[in-house]
Amino acid sequence: MRYYLPIFVVLSLCLTAPLKAVGEGTTDSPLKVAVILAEPFAAKKNNEYIGLAVDIWRQIALDNRWKYEFISKKEDEFEQTLNGLDKGEYDVLIGPTAHTAYRAQHVDFSDAFYLDSVGVVVKVSLVHSLIRILETFFYSVGILLGILILFFLTHIHLIWFYERKNSDYIPNSYRKGVSFVLWHHLSKRNYISSDNTDINLPTSTSVRLSLIVWIVIAYAITTLISGIVVSFMTVSLSSADSTVQTLDDLHTTVVGSITNTDPYIVGKNLGFKMKGYSSFSKGMQSLDNNEIGAFLMDTSLANFELQKILHNRLVLSPLVIKYELYAFGLPKGSPLKNKINESMQKLHIEGGILDLCKMYLPQNIKNCRL
């Protein structure tokens with residue numbers, strides 16, 4: 001009998017291991033799915049879970065006939081939850097979970113379903129905006145104005161030089177003559193005239209040609225200047241304009257972020273003076289009170305939150321710190337990974353993920369085209 005004991009033990013191990021794997025995701029042994037609550041990717045309202053990541057997971061679970069239970073986690077509990085995933089406390093981690101090289105050392109990731117970036121929320125400064133507008137005006141429009149003035153003065157000099165011989169009213173001296181032509185040219189609609197003075201239209205070919213060139217150039221340059229000013233004002237008033245414009249600016253101020261999230265860690269790695277917050281709203285209060293100079297957050301999450309608070313002085317800067325891919329987290333060597341990826345690819349091909357993006361992130365639908 002003792003000779004058969006080792007064989008019996010080996011057969012028992014071989015049989016029980018597959019049974020355990022098959023038992024995952026059943027009614028008796030549902031998958032433990034940790035959910036990072038961050039809209040629009042995951043939220044809990046009226047005891048029901050909604051969001052882009054949640055609905056994608058539901059489709060994948062339905063495709064594989066898995067049973068599961070959601071476990072709510074706050075944004076500032078992300079690293080703690082990730083450690084729990086590494087220890088096998090959870091089977092899957094969903095939400096705005098960025099796939100990073102550091103995290104991949106401890107947990108596995110599924111194929112990505114969304115492309116996002118780490119952005120910067122700033123407070124618009126009215127004084128700084130005015131300074132920027134003036135600077136841009138002088139640098140962008142100043143050259144065109146200079147060309148316009150140069151052509152105008154050249155035209156005035158040509159009138160004085162060629163037409164003084166044919167007129168009894170234009171002084172021959174340079175100073176008086178140019179001044180006379182200049183002021184009469186500016187003050188009247190016709191060529192040169194005054195209430196008591198009539199001056200003939202230009203007779204010389206040079207002045208006639210100069211007049212035509214001046215009219216064309218004046219019209220072209222003034223039209224160009226008007227277009228530049230209007231377009232610049234539109235862009236300036238619709239985009240963030242603060243003292244934070246570059247990465248170097250972030251090194252000179254205190255930067256906030258939700259504690260232990262990827263933006264917080266990115267800021268730390270870049271050497272910023274980071275200050276952690278438990279929520280986006282608390283960070284915005286500090287930013288509005290000038291306690292911090294900027295706030296790092298995933299762009300899609302920041303856009304969603306800013307639309308809710310409707311604060312016209314807190315805006316998302318065009319500055320992008322880092323691009324990142326969202327995926328589902330799994331313990332190392334999880335047997336679920338291949339099945340999740342197969343279902344994820346099917347959703348991408350059939351357009352299921354795009355349909356969900358239209359529902360939750362209609363303005364960022366291109367970010368789902370992976």
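1. Two rings of Phe, Tyr or Trp count as a pair here if their centres lie within 6.5 Å. Keep in mind that this is a predicted model. With that cut-off, a cluster emerges in which ring pairs link Phe41, Tyr49, Trp57, Trp66, Tyr68, Phe70, Phe113, Tyr114, Tyr326 and Phe328. Over the whole structure, the search turns up 14 aromatic pairs.

2. One pair to look at is Phe113 with Phe328, both of which also belong to the cluster. Their rings sit 5.3 Å centre to centre with 45° between the planes, a tilted arrangement. Phe113 is in the loop between β6 (107-109) and β7 (114-123), while Phe328 is in the loop between β11 and β12, so this contact ties together parts that are 215 residues apart in sequence. Both Phe113 and Phe328 are buried.

3. Now try Trp160 and Tyr174. The ring centres are 5.4 Å apart and the planes are at 85°, so this pair is edge-to-face. Trp160 belongs to helix α5 (residues 126-163) and Tyr174 to helix α6 (residues 174-187), with the two positions 14 residues apart in the numbering. How exposed or buried are the two partners? Trp160 is buried, with a relative accessible area of 9%, whereas Tyr174 is partly exposed, at 48%.

4. Helix α12 (residues 336-350) is worth a click too. It has 15 residues and reaches 21 Å from its first C-alpha to its last, close to the 21 Å expected at 1.5 Å a residue. Just after α12 comes Gly351, which takes a positive phi of about 85°.

5. Which residues of α12 are buried? They are Leu336, Ile340, Asn341, Ser343, Met344, Leu347 and His348, so you'll find Asn, Ser and His in there alongside Leu, Ile and Met, going by the under 20% cut-off for relative accessible area. The cover over these residues includes strands β1 (31-36), β5 (92-94) and β12 (329-331). Helices α2 (52-64) and α13 (352-360) are also part of that cover.

6. Finally, have a look at the surface. Leu115, Val320, Tyr323, Leu325 and Leu370 make a nonpolar patch of about 450 Å². Strand β11 (residues 314-326) supplies the largest share of this patch, three residues. Leu325 is found in that strand. A residue needs over 30% relative accessible area to be in a patch, and Leu325, which is partly exposed, has 38%.

Key:
Residues numbered from 1 in each chain as written. Predicted model: local features only at pLDDT ≥ 70, side-chain atom pairs only at ≥ 80, totals over all residues. Heavy atoms only, no water. Patch = residues over 30% accessible without salt bridge, like charges linked within 9 Å, V, L, I, M, F, W, Y side chains within 5 Å. Areas by Shrake-Rupley, 256 points an atom, 1.4 Å probe, with all protein chains shown as cover. Salt bridge = Lys/Arg side-chain N within 4 Å of Asp/Glu carboxyl O. Helix = DSSP H or I, 4+ residues; strand = E, 2+ residues; numbered from the N terminus. Buried < 20%, exposed > 50% of the residue type's maximum accessible area, 1.4 Å probe, protein only. Expected span 1.5 Å × (residues − 1). Contact = heavy atoms within 4.5 Å. Phe/Tyr/Trp six-rings, centres within 6.5 Å; stacked < 30°, edge-to-face > 60°.
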